[in-house]
Amino acid sequence: MTMEMFILDETSTGEVDRREKVVAALTDSVRDLVDATIRSTVDDDEILAVREEVDALVSRLRAAQLAGPAGVRYNAEGRSWNWGNAVVGQHNALAPPLEIVHDGPGSARADVVLGAAYEGPPGMVHGGVAALLLDQIMGETASGFKRLTMTGTLSLRYRRGTPLGPVRIEGRIASESGRKITVQAHLAGPDGEPTVEATGLFIIPSWAPVDESDRTWARFAEG
Ligand SMILES: CCCCCCCC(=O)SCCNC(=O)CCNC(=O)[C@H](O)C(C)(C)COP(=O)(O)OP(=O)(O)OC[C@H]1O[C@@H](n2cnc3c(N)ncnc32)[C@H](O)[C@@H]1OP(=O)(O)O
């Protein structure tokens, strides 16, 4: 992986904002489709009929598409977008999506409602989903919108099950040493008691620019 993998895109911020909103609304409908597919009890004939309609919609969307994943893009105005990201991607129906708030230097939090699509044990959040969400918020905590960081090592302690429903995730930088940033985080259910605790080592890769004024780096961190 190198900085060249982050794509400079000439699309104006206004156009990026407009397109993001249009496709994000479709993505919300697709999330609803996923939930409905899991929970539907309609009869088989109705399922087959719906499947035909969904297949037709997929063909319409594929009439014009990217050759591969969406990647991380940025424009000359400083706007960046990572619409396919598995956790925060505005155009990814697999992403809840998480809306991460940076509430001070070295800390971040997000509130999200996890439904049937994120189930592991009955009625509980899947352990891998908890790890996924924690990894993202911890990565963004480490980067702080000012540098590029990658997950080096992630350690999780699952204290008890997290019920599906409203969840809060919080992260903070515990320490820094050179290119290594240690982040602590937790995930909690509605009672606010941590159900999953995490410690992670995030690393500024050797190939990343070290100058924080380099906007390419900052733009990726914003992704
Ligand atoms: C904007 C934020 C978005 C967040 C997205 C969510 C986070 C992610 O999903 S990132 C994707 C998952 N992570 C990855 O794919 C990372 C894959 N690994 C790599 O790319 C590299 O191994 C990388 C970047 C971690 C380290 O590479 P490099 O910069 O060459 O490290 P290197 O120079 O060898 O080592 C630097 C230091 O880190 C240590 N180190 C290296 N890798 C690790 C590791 N995995 N765990 C612990 N320590 C490590 C080394 O021992 C060394 O320590 P010291 O300076 O004390 O000797």
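Let's start at the ligand, in what is a predicted model. Seventeen, written 17, is the count of residues that surround the ligand, and the closest are Gly139, Gly152, Thr153, Pro205 and Ser206. Which elements give two or more residues to that shell? They are α3, residues 127-143, β6, residues 150-158, and β9, residues 194-203. Helix α3 makes the largest contribution to the shell around the ligand, with 5 residues. As for chemistry, the shell divides into 8 polar, 5 nonpolar and 4 charged residues.

Now let me step back to the whole chain. You can count 4 helices and 9 strands in the protein chain. If you walk from the N terminus, the order of elements is β-α-α-β-β-β-β-α-β-β-β-β-α. So α3, the helix with the largest share of the ligand shell, is the one you meet after a run of four β symbols in that order.

How about overall dimensions? Along the principal axes, the C-alpha atoms fill a box of roughly 60 × 45 × 25 Å. The radius of gyration of the protein chain is 19 Å, and this agrees with the value near 17 Å for a compact globule, because that is what the rule gives with 223 residues. On burial, 29% of the 223 residues count as buried. For contacts between residues at least 6 apart in sequence, 65% join residues at least 24 apart.

Next, a small sheet that I'd like you to find on the screen. What is the strand order in this open sheet of 3 strands? The order is β1-β2-β3, and the pairing is mixed. Its edge strands are β1, residues 7-8, and β3, each of which pairs on one side only. Strand β2, residues 73-74, pairs with β3 in the antiparallel sense, over 2 bridges. If you want a residue pair to look at there, Arg73 stands opposite Trp81 in β3.

Staying with β3, let's follow the chain onward. Pro97 sits in the loop between β3, residues 80-81, and β4, residues 101-104. Which kind of peptide bond joins Pro96 and Pro97, cis or trans? The bond is cis, with omega at about -15 degrees. For context, most peptide bonds are trans.

To recap for the discussion: we have a ligand with 17 residues around it, a 3-stranded open sheet with mixed pairing, and a cis bond between Pro96 and Pro97. Thanks, everyone, and over to you.

Definitions and conventions: Residues are numbered from 1 along each chain as its sequence is written. This is a predicted model: local features need pLDDT of at least 70, side-chain atom pairs count only at pLDDT 80 or more; totals for chains, interfaces and linings use all residues. The radius of gyration is taken over C-alpha atoms; the globule rule is 2.2 Å times the number of residues to the power 0.38. A residue is buried if 20 or more other C-beta atoms lie within 10 Å of its own, exposed if 12 or fewer, and partly exposed in between; C-beta atoms are placed from the backbone. Two residues are in contact if their C-beta atoms, placed from the backbone, lie within 7 Å. A residue is near a molecule or strand if its C-beta atom, placed from the backbone, lies within 6 Å of it. Ala, Val, Leu, Ile, Met, Phe, Trp, Tyr, Cys and Pro count as nonpolar, Asp, Glu, Lys and Arg as charged, and the others, Gly among them, as polar. Two strands pair if DSSP finds at least two bridges between them.
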